[in-house]
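Here is a short guided report on one protein model. Look over the sequence and the fold before reading on.

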Amino acid sequence: MGEMKSMQMGVIGALFLSVASSVSIVICNKALMTNLGFPFATTLTSWHLMVTYCTLHVAYRLNFFENKPIDTKTVVLFGLLNGISIGLLNLSLGFNSIGFYQMTKLAIIPFTVLLETFFLNKKFSQKIKFSLFLLLVGVGIASITDLQLNFVGSVLSLLAIATTCVGQILTNTIQKKLNVTSTQLLYQSAPFQAAILFVSGPFVDKYLTHLNVFSFQYSPIVVGFITLSCLIAVSVNFSTFLVIGKTSPVTYQVLGHLKTCLVLAFGYTLLHDPFTPRNIAGILIAVLGMLLYSYFCSVASKSKQGSSESAFIVHITPTTIKTYKISKVSMTY
């Protein structure tokens with residue numbers, strides 16, 4: 001019981017850290033890109049990952065965590081896939097309207113559900129599917145303003161959805177199958193994610209912004225905000241791997257849409273961004289979807305826990321002591 005409570009507290013802590021750090025970095029990057037005119041999102045992400053790796057390397061050298069070796073091919077492919085997905089999402093935003101880009105992000109949840117259902121045999125109840133549908137409708141109402149389609153943008157969006165879903169599913173699967181922590185996986189994969197974005201970032205950013213990141217005038221305040229953004233990114237990257245490892249890729253995406261609603265609300269209350277009754281209605285519907293999703297997941301988890309406990313009780317009855325011994329061995333693996 002105490003172990004279960006400790007696990008629940010760990011999940012809550014991971015969720016809180018993810019929300020707090022993600023909202024903070026959005027605020028920081030909004031100031032950096034909008035107010036200070038630094039538009040190089042892909043290159044900035046590569047710096048985020050490099051600082052994350054350096055921070056984790058210092059933590060490793062100070063014995064804050066143990067480094068568990070992972071198959072090199074697995075780590076390289078995983079790191080490159082995640083790096084490519086970030087680049088594709090940025091390209092998708094560049095080739096599509098903001099409304100279509102938001103649709104791309106919304107499509108990640110149903111696509112992830114499909115992949116996990118068909119390839120991992122994971123079951124999603126009708127109630128959970130309904131709560132996810134409600135969430136997507138709410139976020140769509142709150143954030144989507146225009147939809148403009150074009151062929152190249154649509155292809156990039158499909159590739160971004162596919163790579164993001166597969167990357168997040170692998171984040172969860174690798175941690176569980178290879179019994180590694182989120183810190184160990186991030187530490188080993190971050191250099192490869194950073195490398196592909198560091199090489200491709202300046203070209204992607206130049207294509208999207210028609211500006212050169214190397215000829216930008218770096219004032220002290222710009223450098224200060226870039227440094228702050230990189231430091232917050234350490235927490236964002238760590239909490240992303242932590243949340244996906246402790247929960248699931250779908251739960252992480254649900255959390256991502258909660259962040260969207262919080263950022264919209266923040267923009268209205270503190271930055272006085274335009275806000276309409278449609279935005280308010282969308283956020284309320286999305287929050288209702290999130291609450292239902294959390295409730296249905298909690299009920300399903302308790303139901304699964306209860307059924308496993310009752311099965312355990314059956315095994316220890318005196319008349320089935322042999323069956324219990326066999327089951328006990330099989331449960332270890």
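## Overall picture

Contact here means heavy atoms within 4.5 Å. By that rule, residues 24 or more positions apart account for 85% of the contacts in the protein with a separation of 6 or more. The model is predicted.

The protein has 11 helices and zero strands. Read from the N terminus, its elements run α-α-α-α-α-α-α-α-α-α-α. Of the 333 residues, 42% are buried.

## Record and model

The unreviewed UniProt entry lists "transmembrane region" at several stretches: residues 44-62, 74-93, 132-149, 155-173, 185-204, 216-238, 250-268 and 280-300. These positions come from the record.

Two of the listed spans can be set against the model. Residues 155-173 are 100% helix and 0% strand. The end C-alpha atoms of that span are 27 Å apart. Residues 185-204 are likewise 100% helix and 0% strand. Their end C-alpha atoms lie 27 Å apart.

## Helices α2 and α8

Two packed helices are described by the angle between their axes and the distance between the axes. For α2 and α8, the axes come within 8 Å and cross at roughly 65°. The crossing is right-handed. The residues of this contact divide into eight nonpolar, five polar and no charged.

Which residues of α2 meet α8? They are L44, W47, H48, L49, V51, T52 and T55. Their partners in α8 are I226, S229, C230, A233, V234 and N237.

## A closer look at T52

T52 sits in helix α2, which spans residues 41-61. Is T52 buried or exposed? Its relative accessibility is 1%, so T52 counts as buried; the cut-off for buried is under 20%.

Leave out residues up to four places away in sequence, and T52 touches L186, A233, V234 and N237. A233, V234 and N237 are among the α8 residues that meet α2. L186 is one of the α7 residues that meet α8.

## Helices α7 and α8

Helix α7 covers residues 182-209, and helix α8 covers residues 220-246. Their axes come within 10 Å and cross at roughly 125°. The two helices are therefore oblique to each other. α7 passes α8 in a right-handed crossing.

From α7, the contact takes in S182, T183, L185, L186, S189 and Q193. From α8, it takes in N237, F238, F241 and L242. The residues of this contact divide into five nonpolar, five polar and no charged. N237 appears here and also in the contact of α2 with α8.

## Helix α3 and G83

Helix α3 packs with helix α6, which runs over residues 151-177. The angle is about 145°, and the axes are 8 Å apart. α3 passes α6 in a left-handed crossing. The residues of this contact divide into 13 nonpolar, 10 polar and no charged.

G83 lies in helix α3, residues 72-95. Its relative accessible area is 2%, so G83 is buried. Which residues does G83 contact, leaving aside its neighbours within four places in sequence? They are Q193, I196 and L197. G83 and L197 are 114 residues apart in sequence, yet 6.1 Å apart in space, C-alpha to C-alpha. Q193 is also one of the α7 residues that meet α8.

## Two loop residues

N63 is found in the loop between α2 and α3. N63 is not a glycine, yet it has a positive phi of about 65°. Its relative accessibility is 68%, so N63 counts as exposed; the cut-off for exposed is over 50%.

H210 has its place in the loop between α7 and α8. Phi of H210 is near 60°, a positive value in a residue other than glycine. At 67% relative accessibility, H210 counts as exposed.

## What to keep in mind

The protein is built from 11 helices and zero strands. T52 in α2 and G83 in α3 offer two places to start: T52 is buried, and G83 is buried. For contrast, turn to the loops, where N63 counts as exposed and H210 counts as exposed.

Terms used: Residues numbered from 1 in each chain as written. Predicted model: local features only at pLDDT ≥ 70, side-chain atom pairs only at ≥ 80, totals over all residues. Heavy atoms only, no water. Axes fitted to C-alpha atoms, helices over the stretch in contact; angles between N-to-C directions. Helix = DSSP H or I, 4+ residues; strand = E, 2+ residues; numbered from the N terminus. Parallel < 35°, antiparallel > 145°, perpendicular 65-115°, else oblique. Left-handed = near helix turned anticlockwise from the far one by under 90°. Nonpolar A, V, L, I, M, F, W, Y, C, P; charged D, E, K, R; others polar. UniProt positions renumbered as here; feature names shortened; annotations may be inferred. Buried < 20%, exposed > 50% of the residue type's maximum accessible area, 1.4 Å probe, protein only.
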